[in-house]
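Here is a short briefing to read alongside the viewer. Take a moment to load the model, and then we can walk through it together.

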Amino acid sequence: MTIFLAVVLGVFLVLLHRLFISPGRVDRWVGKHFVASDYGLPPREQLSSRRSGPPPSAHRAKERQAIADAAWEGDWKAAERYVRAAGEDWDERWDRLELLKHVAQKDDAWLDAWRAAEPDNCDAATLHASIMVRQAWEIRGSGYAHAVPDSDMNRFRAMLPIAIEEARKAALLDPANPGPWVVMVTAARGAQYGRSRFRPLWEGLVERAPHHYEGHAQALQYWCAKWYGSNRRMMRFARLAVHKAPPGSPLAGIYLHALSELTERSAAFALPVTPMTRSLLKRIAASFDQVASDDERLPVLRHLLAHYMLRSMMYAPALEQFRRIGPWCGAHPWREAGNPVMAFEAARGRAAMLSRTRPTPTPRVHGMAR
């Protein structure tokens, strides 16, 4: 028993040292001795806080601009073809609707023309309903309910049922399309849908697209404690997303958003350093390795993964994520510190030092790799 207690005490002291004594020593080491390139990382002078990851390819950027320009010139047919070309890749189809939603913010006359010319087009109807939800949330704002003026809250709550009804009509136009169901799931919490009313919406979505990324992200918000769930329900939902994420999908990253939700609501939240947490983070990392390198959701998720690996004392795996992130540091959580470059540099320096990785000053090509 004495030996057992000694071992337990030794482990406890190591953890205590790393949690409470090491930070100052690490900060000093990073400031004086950390040479990023010795660990396969881009040097500090190359770091950029303008973006979370590399810009889209020239081809993709050109295509999107052409769609926007055509719409603003009154050509809705280009937008219709753009969405239809995604086929049954429902995540991609939703992303294209999201682009069109931004295009409509500047001028939506083309959308009115599209709906008038094709009243039975599910995508046009879904886009209309989604814009209604966005407009409602813009009135409400992102603050907690007690901080929202009564007049704004009343307008918000009056608009959402109308948007849900529009989404229901859109769903009838193409029963296989999950887009309208994403809109309904998104609006449900603001429309004060209880669990018995929310579940059929969620079931309708996953019946059509069981791994829909944005649908899961919106449902996660419903199940969080500030809406109609709890920490326990939210984390159970997030863990399930990790386990059911198919190859090539970033769905496992929903768990990282759940951790962010806990962190943002409570500065005192401490990520449990448990075998289950570490196992989930490793599984998420492996899942990301199968996601296309140009998936624009991936950079933000890698930043979160590196951050929570650090908090879980998974220093070597965190360092590998920093290598894959490259020079981009314009993402949460580094922005929360006020100076994202300094926060990012400190985090990756901490990963390098505490991973006990030997410096290897070998030139590398940096970027958002798989």
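Which residues does Asp91 touch, not counting residues up to four places away in sequence? They are His211, His212, Tyr213 and Arg297. Please keep in mind that this is a predicted model. The points below begin with the whole chain and then come back to Asp91 before moving to a charged patch on the surface.

**Overall fold**
- The protein chain has 16 helices and zero strands.
- Among contacts in the protein chain with a separation of 6 or more, 71% join residues that lie 24 or more positions apart.

**Burial and surface**
- Of the 370 residues in the protein chain, 48% are buried.
- The protein chain has an accessible surface of about 18400 Å², and carbon and sulfur atoms account for 55% of that surface.

**Around Asp91**
- Asp91 sits in helix α4, which covers residues 90-106.
- Asp91 counts as buried because its relative accessibility is 15%, and buried means under 20%.
- The contacts of Asp91 include three consecutively numbered residues, His211, His212 and Tyr213, along with Arg297.

**A positive patch**
- Arg25, Arg28, Lys32 and Arg356 come together on the surface as a patch of positive charge.
- One of these residues, Arg28, belongs to helix α1, which covers residues 2-33.
- Arg28 counts as exposed because its relative accessible area is 52%, and exposed means over 50%.

Key:
Residues are numbered from 1 along each chain as its sequence is written. This is a predicted model: local features need pLDDT of at least 70, side-chain atom pairs count only at pLDDT 80 or more; totals for chains, interfaces and linings use all residues. Side-chain values use heavy atoms; hydrogens and water are left out. Helices (H or I, at least four residues) and strands (E, at least two) are DSSP runs, numbered from the N terminus. Buried means under 20% relative accessible area, exposed over 50%, partly exposed in between (1.4 Å probe, protein chains only). Contact means heavy atoms within 4.5 Å. Accessible areas come from the Shrake-Rupley method with a 1.4 Å probe; for residues, only the protein chains shown count as cover. Patches are made of residues with over 30% relative accessible area and no salt bridge: like charges are joined within 9 Å, nonpolar side chains (Val, Leu, Ile, Met, Phe, Trp, Tyr) within 5 Å. A salt bridge is a side-chain nitrogen of Lys or Arg within 4 Å of a carboxyl oxygen of Asp or Glu. Lys and Arg count as positive and Asp and Glu as negative; His and the chain ends are not counted. The place of a charge is taken as NZ of Lys, CZ of Arg, CG of Asp or CD of Glu.
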